[in-house]
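Trainee: I am new to this structure and should like to study it step by step. May we begin?

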Amino acid sequence: MYQEFLQKIFYNNRVLDYLVFLIYFLSGVAVIWIFKSIILRRLRKLTAKTEAIVDNIFLASAKWLVPILYYGVFYISIHKLKLGLLAEKTISVASIAVIIYLAVRSILALISILLNRYQAKRGSDHSRQHVYKGILTIARLIIWTFALLILLDNLGLKITALVTGLGIGGIAIALAAQTILGDLFSYFTIFFDKPFEIGDFIIIGEFKGTVEHIGIKTSRIRSLSGEELVFSNTDITNSRLSNYRRMERRRAIFKIGVTYNTPGDKLRIIPGLIKNIIESTEMTTFDRCHFQGFGDYSQDIETAYFIETRDYNKYMDIQQEINLRIREEFEKNGIEFAFPTQSIYIENQ
């Protein structure tokens, strides 16, 4: 009686076949449950203690690994039964859809991890968070579009014409908006390469000022005289740029001239006087001081030194102090500064 019941056929399968399917499926579910509850949980605890990017990728992938395993057990178990063509096709399509969905979610999780890691290294501010969200949105759009095309192709639909149309349309859009796209790509270049950031004092060509805003198409700079300068991102990336905020120290060179009436013994002491003045001034490092040469109306002394700050106002305060002390020392030693003069000699015939 029991054997006869097992051999009875329902929907092209024996009762025994259904039991085999059930045993395979429940056994697989039990193994996955043990893996998830014991092994995977311990691995998560171990990887949570480290900051390695491989561990973060593992944690993100594990979130989608368990559903894949469950579906894999179901897929293997269901093939123990004799299925009709429609059921086979339905399961095949569902399998492809599930695999594509989980693959897309895993890729997006990986991109999110990499962006968060990059953000943690570079620091976080309001403008950067907007950029990260924008990059993630663009990545989602591109990846889901490719995933949809792959799914339609596996469903048997002819997507060649669709892909060709999208390609032609994309080329047309790119040609029509090449300036905007150029500024967009330049924006990403500025974002990732970091030639400057908000708050930096930069010089672009003949323009200089403090960066106030970095936008998708344009960036804005506040000049020293107060007006706002607007540059397209493409213009910025194509220009030579000086960033004074990245300067650790400032090198200053200045030249003074003394009259030709100054005797040689006093000329010899000038470099020493200036060296003592600079070395006794705070936040400075002396480099050199030389009697450089003979000018049109002066004997020229050139001096170079370093200011241990990038603050321009502080640099001007230090240079002013040095200038005043040089003037005092020259007055004490009877050394005269030169100024433009002409001597006219009249010869009697």
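Trainee: Over how many bridges do β9 and strand β10 pair, and in which sense?

Mentor: This is a predicted model, in which local features need pLDDT of at least 70, side-chain atom pairs count only at pLDDT 80 or more, and totals for chains, interfaces and linings use all residues. Residues are numbered from 1 along each chain as its sequence is written, and side-chain values use heavy atoms, with hydrogens and water left out. Strands are DSSP runs of E with at least two residues, helices are runs of H or I with at least four, and both are numbered from the N terminus; two strands pair if DSSP finds at least two bridges between them. For β9 and strand β10 (residues 299-307), the sense is antiparallel and the number of bridges is nine.

Trainee: Which strands are the edge strands of the open sheet with the order β8-β10-β9?

Mentor: This open sheet has three strands with antiparallel pairing. An edge strand here pairs on one side only, and the two are β8 (250-258) and β9 (284-294).

Trainee: Which helix packs on the sheet, touching β8, β9 and β10?

Mentor: Contact means heavy atoms within 4.5 Å. Angles run from 0 to 180 degrees between N-to-C directions, with axes fitted to C-alpha atoms, for helices over the stretch in contact. The helix, whose direction makes about 25 degrees with that of β8, spans residues 312-332 and is α10.

Trainee: Which element supplies the largest share of the largest nonpolar core?

Mentor: A nonpolar core is a set of buried Ala, Val, Leu, Ile, Met, Phe, Trp, Tyr and Cys residues joined through side-chain atoms within 4.5 Å; buried means under 20% relative accessible area, exposed over 50%, and partly exposed in between, with a 1.4 Å probe and protein chains only. The largest such core has 20 residues, and Ile326 is among those with the most contacts inside it. β8, α9 (264-279), β10 and α10 each supply at least two residues. The largest share, six residues, comes from α9.

Trainee: Why is one side of β6 and of β7 left without a neighbour in the sheet?

Mentor: These strands belong to an open sheet of five, in the order β6-β5-β4-β3-β7, with antiparallel pairing. β6 (228-232) and β7 (241-243) stand at the edges, so one side of each lacks a neighbour: each has a single partner strand.

Trainee: Is isoleucine 23 buried or exposed?

Mentor: Isoleucine 23 is found in helix α2 (residues 15-48). With a relative accessible area of 54%, isoleucine 23 is exposed.
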